[in-house]
Amino acid sequence: SKLACGPLEAIIEHHDDQIEVIVRGPKDAKKACFFFLEEILGMIDQVLLEMSPGLPMDKYIVSSIDIKAQKSAMQWSPRDTMAALHSGGWEQVMANTAQPDRRETLTDLLCFGSSEVQSMLVKGPDLHVSSMSTVTRQSLCQLLDAPHPMGNDWCMLAVQMGLIDKVPKLDVGAGSYSQTARLLDEWANDTASTIGELVTALRSLGREDA
């Protein structure tokens, strides 16, 4: 289906378990395109939340260059995007295995190439840990609450976070409440506790699965 808003156009298609949204408009309407896309994605999120609460959703970004060329578009997962933002920021060039000579930055892909839009946003890694979605938090708790062969569970994460003195309190009532959830709640009291710092701590533990 198609939606139009003045000179802007959105194409929304459903493929199996995927919903594809493409927004396009004049070159001087980059900011308007960004907010038009955000409005559509917000409506989709709301409908899915009402119909299937707790349904995990991943939002992939696709190559605008490939779309313009009407080629099979390169896709990047949320993990790819977060890792790129964490390591290189907005100007990180995303690798396109199909077209290595094509260079698209995260500003191009997420902000329609608009530095004005970029200046209005906060990078995912810089967000406070309390901004983490409920579904993501629950998945992380399931991974870290469970015993790990190398001991790299919630307890070692507490050590990485400098909260080793809190471990006895966090472990009270184990089994009835998630120790990882308690740890995240405790850590969230520090305003400097960001999602990026959490990612760094998990990587130092070798928990690339988280």
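**Strands, helix and cores**

Trainee: Which residue of β2 is the bridge partner of Leu3?

Mentor: The bridge partner of Leu3 in β2 is Ala10. This is a predicted model, in which local features need pLDDT of at least 70 and side-chain atom pairs count only at pLDDT 80 or more, while totals for chains, interfaces and linings use all residues. Residues are numbered from 1 along each chain as its sequence is written, and side-chain values use heavy atoms, with hydrogens and water left out.

Trainee: What makes β2 a strand, by definition?

Mentor: A strand is a DSSP run of E with at least two residues; a helix is a run of H or I with at least four, and both are numbered from the N terminus. β2 covers residues 8-15. By these rules the protein chain has 10 helices and 7 strands.

Trainee: How do you know that β1 and β2 pair?

Mentor: Two strands pair if DSSP finds at least two bridges between them. β1 (residues 2-5) and β2 share 4 bridges, in the antiparallel sense, so the definition is met. Lys2 stands opposite Ile11 in β2. The hairpin of β1 and β2 has 2 residues between the strands, and Gly6 takes a positive phi near 60 degrees there.

Trainee: How many bridges join β2 and β3?

Mentor: There are 7, again antiparallel, with β3 at residues 18-24. One of the β3 partners is Val23, which bridges to Ala10. In the hairpin of β2 and β3, also with 2 residues between the strands, Asp16 takes a positive phi near 55 degrees.

Trainee: Which strands of this open sheet are edge strands, and what makes them so?

Mentor: The open sheet has 3 strands in the order β1-β2-β3. β1 and β3 are the edge strands, as each pairs on one side only. Neighbouring strands are turned by 15 degrees against each other on average, direction ignored.

Trainee: What does helix α1 touch, and what angle does its direction make with that of β3?

Mentor: Helix α1 (residues 30-51) packs on the sheet and touches β1, β2 and β3; the angle with β3 is about 160 degrees. Contact means heavy atoms within 4.5 Å. Axes are lines fitted to C-alpha atoms, for helices over the stretch in contact, and angles run from 0 to 180 degrees between N-to-C directions.

Trainee: Why is Cys111 called buried?

Mentor: Buried means under 20% relative accessible area, exposed means over 50%, and partly exposed lies in between (1.4 Å probe, protein chains only). Cys111 has 0% relative accessibility, so Cys111 counts as buried. Cys111 is found in helix α4 (residues 106-111). Leaving aside neighbours within four places in sequence, Cys111 has contacts that include Phe34, Trp90 and Leu121. Of the 210 residues of the protein chain, 33% count as buried.

Trainee: What makes a set of residues a nonpolar core?

Mentor: The members are buried Ala, Val, Leu, Ile, Met, Phe, Trp, Tyr and Cys residues, joined through side-chain atoms within 4.5 Å. The largest such core has 18 residues, and Leu140, Leu157, Met161, Leu183 and Leu198 have the most contacts inside it. Among the elements that give two or more residues to this core are α6 (134-145) and α10 (195-204). Beyond the four nearest places in sequence, Leu198 is in contact with residues including Val129, Met132 and Trp187. Apart from this core lies another, of 12 residues, among them Met74, Ala84, Leu106 and Val117.
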